[in-house]
Amino acid sequence: LDDDVGDCLDKPFLADDLVAAVRRAMGSADGTLPERAGEAGSAKAPPATLAGMSVLVAEDNDIAARVIVTLLQKQGAAVTRVRDGENALNKARAGGFAAAFVDLRMPRLGGIEFARAFRAAEGQGAGLPIVALTADAAEDVRARCLAAGMDDFLGKPVKPGELIAMARRFAPNASTMTEAAS
């Protein structure tokens, strides 16, 4: 076997063989697994970095939404997910969100139209940070997003580190989070 490959199973294989191979890969040679974070006797899990932050996610693709929502929730954020731009606009206007992550292509109202309508009704002052989510990372699309009043831009598929860093940037206690991360 190659040095990079720890184990190899021939098909068909039994479930017990798969479990044993995973245990060998993750644990020791005797097949025991290391303790998971949060189990008795293990080190404490790292603190949630977005605890208390309320985030609006407007994404019509269920798989993309599930990834984004899960990543944010694992960091402690309270997430409200909507599937179209009109619902996103209604939720955003109702308030209570620290940031909104908005897909550019949604039913009933696209992300750019959402941002324009929200900013027009919002008036002056520091408002809701709006982050565009799109697979089209072209510079002209980014410029259109910023011109519509969006605060930033994330490409899809979303990279976990970039999503969390962006959410941290707009968290209500962002300066505390930045100092704690140093």
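N61 counts as partly exposed, at 39% relative accessibility. Here buried means under 20% relative accessible area, exposed over 50%, and partly exposed in between (1.4 Å probe, protein chains only). N61 sits in the loop between β1 and α2 (62-74). Its side chain reaches the backbone nitrogen of I63 at 2.9 Å. Such a polar contact is a pair of N or O atoms within 3.5 Å; within protein, one must be able to donate a hydrogen and the other to accept it, and residues adjacent in sequence count only if both atoms are side-chain atoms.

This is a predicted model, where local features need pLDDT of at least 70 and side-chain atom pairs count only at pLDDT 80 or more, while totals for chains, interfaces and linings use all residues. Residues are numbered from 1 along each chain as its sequence is written, and side-chain values use heavy atoms, with hydrogens and water left out.

**Strand β3 and its neighbours**

N61 and D103 are 42 residues apart in sequence, yet 9.1 Å apart in space, C-alpha to C-alpha. D103 belongs to strand β3 (residues 99-103). Helices (H or I, at least four residues) and strands (E, at least two) are DSSP runs, numbered from the N terminus. D103 is buried, with a relative accessible area of 5%. Leaving aside residues up to four places away in sequence, D103 touches A58, E59, D60, G110, G111, L133 and K156. A contact means heavy atoms within 4.5 Å.

The rest of the strand is covered too: five of the five residues of β3 are buried. A99, F101 and D103 point one way, and A100 and V102 the other.

β3 pairs with two strands, listed below. Pairing requires at least two bridges found by DSSP.

| Strands | Bridges | Sense | Opposite residues |
|---|---|---|---|
| β1 (54-58) and β3 (residues 99-103) | four bridges | parallel | A58 and V102 |
| β3 (residues 99-103) and β4 (residues 130-134) | four bridges | parallel | V102 and A132 |

V102 thus appears in both rows, opposite A58 and opposite A132.

**Helix α3**

Which residues of α3 (residues 85-94) are buried? They are G85, A88, L89 and A92. These cover an arc of only 100° around the axis, which puts them on the same side of α3. The arc is that of the directions from the helix axis to the C-beta atoms. The buried residues of α3 pack against β1 (54-58), β2 (78-82) and α4 (111-122).

Both ends of α3 have a distinct feature. D84 caps the N-terminal end, with a side-chain oxygen 3.0 Å from the backbone nitrogen of E86. Just after the helix, G95 takes a positive phi of about 85°.

**An aromatic pair in α4**

The whole structure holds one aromatic pair. F114 and F118 form it, stacked at 6.2 Å centre to centre with 15° between the planes. Rings of Phe, Tyr and Trp (its six-membered ring) pair if their centres lie within 6.5 Å; planes under 30 degrees apart count as stacked, over 60 as edge-to-face and the rest as tilted. F114 and F118 lie four residues apart in α4, about one turn of the helix. An α-helix has 3.6 residues a turn, so residues three or four places apart point the same way. F114 and F118 are both buried.

**Confidence**

The chain averages a pLDDT of 78, and 73% of the residues score at least 70. pLDDT is the predictor's confidence in each residue, from 0 to 100. It stays under 50 over residues 34-46, which have 10 contacts beyond four places in sequence. pLDDT also stays under 50 over residues 175-182, with five such contacts. Where pLDDT is low, the predicted coordinates should not be read in detail.
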